[in-house]
Amino acid sequence: MGVPDGAYGQGGAPRVPVRHQMARNENFYPPLPGVVEAILESAEGINRNPDVFATGLSAQIADLLGVPSAHVLAGAGSAALLHQLMSHCAGPETDVVHAWPSFEAYPVIAGNVGANPVRVPLREYTHDLDAMADAVTDRTRVVVVCNPNNPTGCVLGESELRRFLKRLPHHVTVIVDEAYREFAVSAGIADGINLYRDDERVWVIRTFSKAYGLLGLRVGFMVAHDR
C-alpha cells in the first residue's frame with residue numbers, strides 16, 4: 001500500500017495530523033499577527049527574569065476596565081488563579097459551594113486545598129441560585145458562579161446575581177468566573193466588574209485562553225478588592 005502524498009514532512013519525519021481539542025478550549029483560528037510579533041520580540045530577552053507581577057499587563061487591564069491597578073492580578077490562566085484564590089480563602093474544615101455540572105476543575109481544586117466541594121445541582125441547565133444560597137453555612141468560605149456556565153452555556157443577569165449576593169453572609173468570597181464571557185450572545189448577561197465595584201466580596205476571573213486563542217500562553221487575570 002502506497003504512502004499518500006504529504007504524509008511526511010521535512011527530513012522524512014511523519015507529518016502529524018492537526019487535531020483541535022475543542023473540549024480543552026483550543027481555538028481553531030491562529031493567534032493575531034500582533035501577538036506573534038510580541039512573542040518573538042520578547043524571546044530576545046529570555047535570558048532575563050520576567051516581571052513576576054506582570055505590572056505592565058496589569059496596568060493596561062486596569063486602564064481598560066477602569067479599576068485600580070492594585071486590584072488586578074495576572075496569572076497562569078484562570079484555573080491557576082482559581083487555585084490561588086481557594087488556597088487563600090478556603091482550606092481544611094471549610095466548604096466551597098458551586099453549581100454542578102459546571103467547570104470540572106472546581107471540585108478538584110477545592111479538594112486540592114483541603115476544602116469540601118459542595119455541588120448544587122443545576123435547575124433547567126443553569127444555576128439554582130436559591131439552592132446555592134441555602135447551601136451556604138458557617139463553614140462556607142467560597143462560592144463560585146460560572147457565567148456563562150461551562151458546559152451548559154446558560155447565563156445569569158445582573159439583577160439575579162445582586163439578589164443572590166444579598167442572601168450571602170459577609171464572610172463568603174464570591175468568585176465570578178467569566179472565562180467564556182466573550183462567547184455570550186445574551187445582552188442581559190451580568191458584568192462581574194459592575195458587581196465587584198459595589199461589593200468587595202466579589203472577585204472576577206477572566207482569561208485570554210478562550211476567545212483570544214492564547215491557550216498555550218496560559219494568561220488570565222483577576223479583579224478584586226483587598227480583603
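**Exercise 1. Find which residues of helix 3 are buried, and relate the helix to its span.**

Solution.
Step 1. List the buried positions. In helix 3, these are Gly77, Ser78, Leu81, Leu82, Leu85, Met86 and Cys89. The model is a predicted one.

Step 2. Recall the geometry. An α-helix has 3.6 residues a turn, so residues three or four places apart point the same way.

Step 3. Check the span. Helix 3 covers residues 77-89, which makes 13 residues. From first C-alpha to last, helix 3 reaches 19 Å, close to the expected 18 Å.

**Exercise 2. Place methionine 222 and name what it touches.**

Solution.
Step 1. Locate the residue. Methionine 222 belongs to strand 7.

Step 2. Decide on burial. Methionine 222 has a relative accessibility of 8%. Buried means under 20%, so methionine 222 counts as buried.

Step 3. List the contacts, leaving out residues up to four places away in sequence. Methionine 222 touches His71, Val72, Leu73, Leu81, Leu85, Trp203, Val204 and Ile205.

Step 4. Link back to helix 3. Leu81 and Leu85 are among the buried residues of helix 3, and methionine 222 touches both. Methionine 222 and leucine 85 are 137 residues apart in sequence. Their C-alpha atoms are 9.5 Å apart in space.

**Exercise 3. Describe the whole chain: its elements, burial, contacts and surface.**

Solution.
Step 1. Count the elements. The protein chain has seven helices and seven strands.

Step 2. Read their order from the N terminus. The run is α-α-β-α-β-α-β-α-β-α-β-α-β-β.

Step 3. Take the buried share. The protein chain has 227 residues, and 41% of them count as buried.

Step 4. Look at contacts between residues at least 6 apart in sequence. Of these, 65% join residues at least 24 apart.

Step 5. Add the surface. The accessible surface of the protein chain is about 13100 Å². Carbon and sulfur atoms account for 55% of that surface.

**Exercise 4. Work through the salt bridges that arginine 167 and arginine 162 form with aspartates.**

Solution.
Step 1. Start from the principle. Side chains of opposite charge can pair when their charged atoms come close. The structure holds eleven salt bridges.

Step 2. Take arginine 167. Its partner is aspartate 134, with the closest N and O atoms 2.6 Å apart. Arginine 167 lies in the loop between helix 6 (158-166) and strand 5 (173-177), and aspartate 134 lies in helix 5 (residues 129-135), so the pair ties together parts that are 33 residues apart in sequence.

Step 3. Compare their accessibility. Arginine 167 is partly exposed, at 43%. Aspartate 134 is exposed, at 55%.

Step 4. Take arginine 162. This side chain meets aspartate 198 in a salt bridge, 3.0 Å from N to O. Arginine 162 is in helix 6 and aspartate 198 in helix 7 (residues 192-198), so the pair links distant parts of the chain, 36 residues apart.

Step 5. Check exposure again. Arginine 162 is partly exposed at 29% relative accessibility. Aspartate 198 is exposed at 57%.

**Exercise 5. Trace the salt-bridge network that contains glutamate 178.**

Solution.
Step 1. Find one link. Glutamate 178 forms a salt bridge with arginine 181, the closest N and O atoms being 4.0 Å apart.

Step 2. Follow the shared partners. Salt bridges join Glu178, Arg181, Asp191 and Arg206 into one network.

Step 3. Note the setting of the link. Glutamate 178 is buried, at 1% relative accessibility. Arginine 181 is partly exposed, at 22%.

**Exercise 6. Classify two aromatic pairs, then find a charge over a ring.**

Solution.
Step 1. Choose the descriptors. A pair of aromatic rings is described by the distance of the centres and the angle of the planes. The count comes to four aromatic pairs.

Step 2. Classify phenylalanine 103 and tyrosine 106. Their centres are 5.4 Å apart and their planes stand at 85 degrees, so the pair is edge-to-face. Both phenylalanine 103 and tyrosine 106 are buried.

Step 3. Classify phenylalanine 208 and phenylalanine 221. Here the centres are 5.7 Å apart and the planes at 40 degrees, so the pair is tilted.

Step 4. Place this second pair. Phenylalanine 208 lies in the loop between strand 6 (202-207) and strand 7 (220-223), while phenylalanine 221 lies in strand 7. Phenylalanine 221 is buried, at 8%.

Step 5. Extend to a cluster. Ring pairs link Phe208, Tyr212 and Phe221.

Step 6. Find the charge. The charged end of arginine 119 sits over the ring of tryptophan 100, 5.3 Å from the ring centre.

Key: Residues are numbered from 1 along each chain as its sequence is written. This is a predicted model: local features need pLDDT of at least 70, side-chain atom pairs count only at pLDDT 80 or more; totals for chains, interfaces and linings use all residues. Side-chain values use heavy atoms; hydrogens and water are left out. Helices (H or I, at least four residues) and strands (E, at least two) are DSSP runs, numbered from the N terminus. Buried means under 20% relative accessible area, exposed over 50%, partly exposed in between (1.4 Å probe, protein chains only). Contact means heavy atoms within 4.5 Å. Accessible areas come from the Shrake-Rupley method with a 1.4 Å probe; for residues, only the protein chains shown count as cover. Rings of Phe, Tyr and Trp (its six-membered ring) pair if their centres lie within 6.5 Å; planes under 30 degrees apart count as stacked, over 60 as edge-to-face and the rest as tilted. A charge sits over a ring if NZ of Lys or CZ of Arg is within 6 Å of the ring centre and within 35 degrees of the ring normal. The expected span of a helix is 1.5 Å times one less than its number of residues.
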